[in-house]
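This report looks at salt bridges, cysteines, strands and a few individual residues in the structure below. Please keep the sequence and the coordinates at hand while reading.

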Amino acid sequence: MLNSDPMLKKRDDFEDILEERRNTSDLRYALRCYTPALYKGLTPCTVSELKTMVLQSDQLLYVINQVSKETGTATNEIQSEAEAILEEMAHRLQLSTIRFFAFMLSKIFKTLFRSICVNEEGIQRVSRPDRETQNEETWLTLIRSQLQQAIQEHPVVLLPSHRSYMDFLLMSYILYTYDLALPVIAAGMDFMGMKIVGEMLRMSGAFFIRRSFGGDKLYWTVFSEYVKIMLKNGFAPVEFFLEGTRSRTAKSLTPKLGLLNIVMDPFLKGEVFDVSLVPVSISYERILEEALYARELLGVPKPKESTSGLIKARKILSENYGSIHVYFGQPVSARSLAEGRVDRSQFNLTPRHIPRRPSEGIQDFVNDSAFRLVRSQEENMVLKPWVLLAALLLQNQAAGNKLGVLVEDLTEQAVWLRDLSRQFGAFLHWPDHVPPSRVVSSSLSLHRSLVRVSEGTVQLNLEPGFPPPAMTPEEELLSKAVVVLSCASYRNQVLHVFIRAALLASAVQSVAGSRKQEIFNTFSFLWNMFSNEFILRPGAEVQDFEEACYLLVKSAVLQIHQQEVLVTDRGHRTLAFLTSILDPFVQGYQMVCRFLCEEATESLTEKQFVPAVRKFFIKHLLTGGLKYVEVLSSDLQKNALAALLRLGAVQKLRGGADEGTLKVNTVMVNSLEDTLAADSEAARCSALIQRRRPSKQTIGATRRVQSSERSDPIGRLNGRASCCPGAGTKESHQNATAA
């Protein structure tokens with residue numbers, strides 16, 4: 001069993017790098033000989049030489065002259081401003097600081113984590129020698145990695161997922177361990193304000209950039225030239241987070257394209273032969289910031305990064321945060337991504353030092369590449385048993401079961417979901433040599449701050465402590481929401497495995513008939529509606545529909561005969577789970593639409609939107625009009641608004657006194673609300689059917705009743721097609737039919 005599962009074989013290639021640290025001297029590790037392979041064997045330039053190259057670059061000198069003409073300011077003043085920007089931004093990478101961090105992080109990591117596992121497939125190029133017969137120096141000398149080869153041959157860009165402050169420290173620690181070139185890391189200006197720590201981060205390779213540049217051409221040019229010159233000259237691998245910021249929900253965020261555009265530019269202009277893009281997936285069994293993230297999603301301001309705050313956070317050293325898995329993906333060639341898609345000769349039409357806005361084709365290429373890279377990060381995320389338990393416990397809580405679930409029942413459900421996840425291709429770290437009851441017990445123990453086990457039953461830890469503090473109903477709700485959102489952040493880690501199938505399951509449940517085209521139209525509506533919520537690659541809805549059909553047919557949930565889609569007898573349990581996992585988002589978006597129709601004023605601005613919609617949701621949660629506490633997440637609310645803006649149901653006014661005001665197309669938003677309400681009702685009925693376990697005849701009757709209760713289902717589907725780009729088009733029809 002263990003050897004026949006390719007996902008488990010993949011897991012077996014991991015190595016715990018803390019094992020060596022627990023058995024040898026941390027000081028010896030920090031002071032060991034460090035001789036990384038360099039790009040084309042070149043000796044990297046010094047920090048001062050790098051700054052000189054940036055300040056003397058043709059593009060920066062051109063922009064300085066342009067800004068001087070536009071503003072009437074002397075060029076030497078603008079040159080001084082550029083020098084100040086570069087001084088504020090630039091790193092000062094020093095090996096002595098790296099050694100200090102190597103020593104300190106070894107101590108901290110061994111205290112916080114049970115293991116830090118790195119995939120040997122991504123790091124090593126030859127088979128790992130026997131550690132028992134090799135000393136540490138010999139072993140490190142024998143390691144040659146895919147990543148090391150990439151660093152020697154082409155400029156390398158490291159693209160880790162971003163779930164914790166720990167990410168960039170962890171990356172440098174791993175590269176130092178494997179004797180690989182240390183990266184220079186794009187970091188937010190927030191860290192620069194931390195006394196002592198900010199400068200130490202700068203000396204460990206961090207360069208600091210503003211969160212937004214606005215229309216500051218000079219800042220953008222200094223920044224882009226700095227990154228490109230480091231990349232072209234092989235100073236070091238460049239590391240940044242495609243998502244732009246930490247994900248508070250543990251879902252992948254829509255990629256930001258600014259830095260990716262910059263690192264692609266030298267290749268597109270023919271200044272380097274290729275650029276290697278390395279997606280890295282970092283999976284935490286328990287996230288250090290879980291409660292902090294939940295409070296931020298409920299509107300509590302993010303604490304400012306400070307040295308004093310870091311010192312106060314030392315209490316986490318007494319906690320157990322389980323294991324970390326770090327998966328280095330296969331390096332992706334920018335040249336292979338561009339092959340057949342980009343005509344690079346267009347860059348020969350103007351001098352390379354003259355800044356130009358990327359063409360629409362280049363923007364589409366970079367955007368598509370970004371989504372592919374984030375999808376690669378998702379697919380290589382290592383999922384722990386707790387993410388499955390979190391999904392089950394949240395569904396149990398939303399169903400109104402206040403007594404909890406028996407441990408034996410939860411274990412049975414978890415084993416069922418484990419098998420389903422593997423069928424869907426999840427990269428699941430479930431120790432099969434350990435009895436399922438022990439796996440579940442261990443996971444519940446690690447996350448005891450979120451769950452309570454009492455007299456053989458398990459439930460979310462929603463009750464206040466004893467004696468219970470005096471709280472208003474709203475305060476009590478928000479207190480529960482911290483636990484629910486923390487738990488949801490773990491459930492969200494598995495959503496990428498199920499989301500396409502969940503969209504199809506919801507479409508199957510909500511369509512009155514079984515015609516494949518109607519189901520595709522509904523799938524297309526949901527796919528477009530939730531494209532801001534999940535990583536759904538633009539233009540890939542037909543491909544995602546085909547993938548979902550394949551998964552549900554393979555797992556014996558659906559049968560597809562020509563143009564008819566049928567649910568199998570054994571498929572109802574899986575359909576109920578899939579629709580339930582999507583239902584909190586469906587209900588959240590539906591209620592955002594209701595808020596905009598019922599309570600949004602004509603003067604509502606984008607800035608006022610989240611506090612106002614949160615207040616509206618709290619009112620409905622307290623009165624029982626909403627069952628999912630998860631809808632209080634500001635991330636969901638912002639994504640819903642972004643979707644409505646993209647679909648044209650809401651417009652954001654620009655210029656004058658109305659700057660930022662939201663203009664609502666009430667008819668369109670009402671139509672979207674009705675459609676989402678139908679999908680949410682279908683999910684509710686599906687869950688009820690599953691809990692009652694009726695006969696086939698009862699299921700058929702229930703679906704006929706649901707069909708008769710809906711008004712004008714054909715018109716509703718037509719309405720979906722009208723507000724969703726691509727849905728219902730001739731091309732979509734042909735592709736869906738071919739599927």
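At a relative accessibility of 52%, Glu70 counts as exposed, where buried stands for a relative accessible area under 20%, exposed for over 50% and partly exposed for anything in between, with a 1.4 Å probe and protein chains only. The model is a predicted one, in which local features need a pLDDT of at least 70 and side-chain atom pairs count only at pLDDT 80 or more, while totals for chains, interfaces and linings use all residues. Residues are numbered from 1 along each chain as its sequence is written, and side-chain values use heavy atoms, with hydrogens and water left out.

**Salt bridges**

Side chains of opposite charge can pair when their charged atoms come close. With a salt bridge taken as a side-chain nitrogen of Lys or Arg within 4 Å of a carboxyl oxygen of Asp or Glu, a search of the whole structure finds 35 of them. One of these joins Glu70 to Lys217, whose closest N and O atoms are 2.7 Å apart. This pair links distant parts of the chain, since Glu70 sits in helix 5 (residues 58–71) and Lys217 in helix 13 (residues 217–232), 147 residues apart; helices here are DSSP runs of H or I with at least four residues, strands are runs of E with at least two, and both are numbered from the N terminus.

Glu87 and Lys51 likewise meet through their side chains in a salt bridge, with an N to O distance of 3.0 Å. Glu87 belongs to helix 6 (residues 75–89) and Lys51 to helix 4 (residues 47–55), so this pair ties together parts that are 36 residues apart in sequence.

Within helix 13, the side chains of Lys228 and Glu225 form a salt bridge at 3.4 Å, N to O. These two residues are three places apart in the helix, which means that Lys228 and Glu225 are separated by about one helical turn. An α-helix has 3.6 residues a turn, so residues three or four places apart point the same way. The table lists the accessibility of partners in these pairs.

| Residue | Relative accessible area and class |
|---|---|
| Glu87 | 43%, partly exposed |
| Lys51 | 15%, buried |
| Lys217 | 40%, partly exposed |
| Lys228 | 7%, buried |
| Glu225 | 7%, buried |

Elsewhere, Arg21, Asp26, Lys107 and Lys110 are joined into one network by salt bridges that share partners.

**Cysteines**

If a disulfide is a pair of cysteine sulfur atoms within 2.5 Å, the count in this model comes to zero. For Cys597, the closest cysteine sulfur is that of Cys593, at 6.8 Å, which is too far for a bond. Cys597 itself is partly exposed, with a relative accessible area of 23%, whereas Cys549 is buried at 5%.

**An open sheet and its loop**

How are strands 10, 11 and 12 ordered in their sheet? The three strands form an open, antiparallel sheet in the order 10-12-11, with pairing taken to require at least two bridges found by DSSP between two strands. Strand 10 (405–406) and strand 11 (451–454) are the edge strands, each pairing on one side only. Strand 11 is joined to strand 12 (residues 457–460) by four bridges, and Val453 stands opposite Val458 in strand 12. In the loop between strand 11 and strand 12 lies Glu455, a residue other than glycine whose phi is nonetheless positive, near 50°; Glu455 is exposed, at 80% relative accessibility.

**Buried sites**

Ser161, in the loop between strand 3 (156–160) and helix 11 (166–177), is buried with a relative accessible area of 0%. A polar atom of the Ser161 side chain lies 3.0 Å from the backbone nitrogen of Ile282. Leaving aside residues up to four places away in sequence, Ser161 touches Asp167, Phe241, Glu243, Val280, Ser281, Ile282, Gln377 and Met381, a contact being heavy atoms within 4.5 Å.

Nine of the eleven residues of helix 14 (residues 258–268) are buried, so this helix is largely enclosed by the rest of the structure. Among the buried residues of helix 14 are Leu259, Ile262, Asp265 and Phe267. Gly270, with a positive phi near 75°, follows helix 14. In the loop between strand 6 (238–239) and helix 14, Ala250 also has a positive phi, near 70°, and Ala250 is buried, at 8% relative accessible area.

Definitions and conventions: A polar contact is a pair of N or O atoms within 3.5 Å; within protein, one must be able to donate a hydrogen and the other to accept it, and residues adjacent in sequence count only if both atoms are side-chain atoms.
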